[in-house]
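Could you walk a newcomer through this structure, one question at a time?

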Amino acid sequence: MQNNPYQKIMQQSVNTMTPVQLLIALYEKGEIELTKAVYYIENKDVPNAHNSIIKAQKIIQTLDSSLKEKYEVSKSLGSLYDYMYRRLIEANVKKDTEILKEIIPFFRELKETFSEINRRGY
């Protein structure tokens, strides 16, 4: 049982989202975590940078595990997620903001794409 009111509200919010809304939220959270990681690296806060990158990697794993193989686009997304994941490992090892800045637009563009899909009601 969750005693934390914030966690309870967040869980209720997630439970009422459509699958597309969940995707949008994951892409947005990935973008936020990587933006934070860039900030942390630039400010020499290695532990927090590491944690933010790991959170983004977990988001990618979640996105990848949700793909449905029956859809052609899933193969392309799977390849993209694999690339993003590998680059984030490299970025985390090197604490390289340029790699993070390369990956952030992928999260942003996917979020915008699925936001448009959501607006059109697909």
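What follows is a short exchange between a visitor and a guide.

This is a predicted model, in which local features need pLDDT of at least 70, side-chain atom pairs count only at pLDDT 80 or more, and totals for chains, interfaces and linings use all residues. Residues are numbered from 1 along each chain as its sequence is written, and side-chain values use heavy atoms, with hydrogens and water left out.

Visitor: What distance does helix α3 reach from its first C-alpha to its last?
Guide: Helices are DSSP runs of H or I with at least four residues, numbered from the N terminus, and α3 takes in residues 46-65, which makes 20 residues. The expected span is 1.5 Å times one less than the number of residues. That expectation is 28 Å for α3, and the helix comes close to it, reaching 28 Å.

Visitor: Around how wide an arc do the buried residues of α3 lie?
Guide: Buried means under 20% relative accessible area and exposed over 50%, with partly exposed in between (1.4 Å probe, protein chains only). In α3 the buried residues include Ala-49, Ile-53, Ile-60 and Leu-63. They lie on the same side of α3, because the arc, taken from the directions from the helix axis to the C-beta atoms, is only 155 degrees.

Visitor: Is Asn-3 buried or exposed?
Guide: Asn-3 belongs to the segment before α1 (5-16). Its relative accessibility is 72%, so Asn-3 counts as exposed.

Visitor: How far apart in space are Asn-3 and Ser-74, C-alpha to C-alpha?
Guide: Along the sequence, Asn-3 and Ser-74 are 71 residues apart. In space, C-alpha to C-alpha, the separation of Asn-3 and Ser-74 is 38 Å.

Definitions and conventions:
Helices (H or I, at least four residues) and strands (E, at least two) are DSSP runs, numbered from the N terminus.
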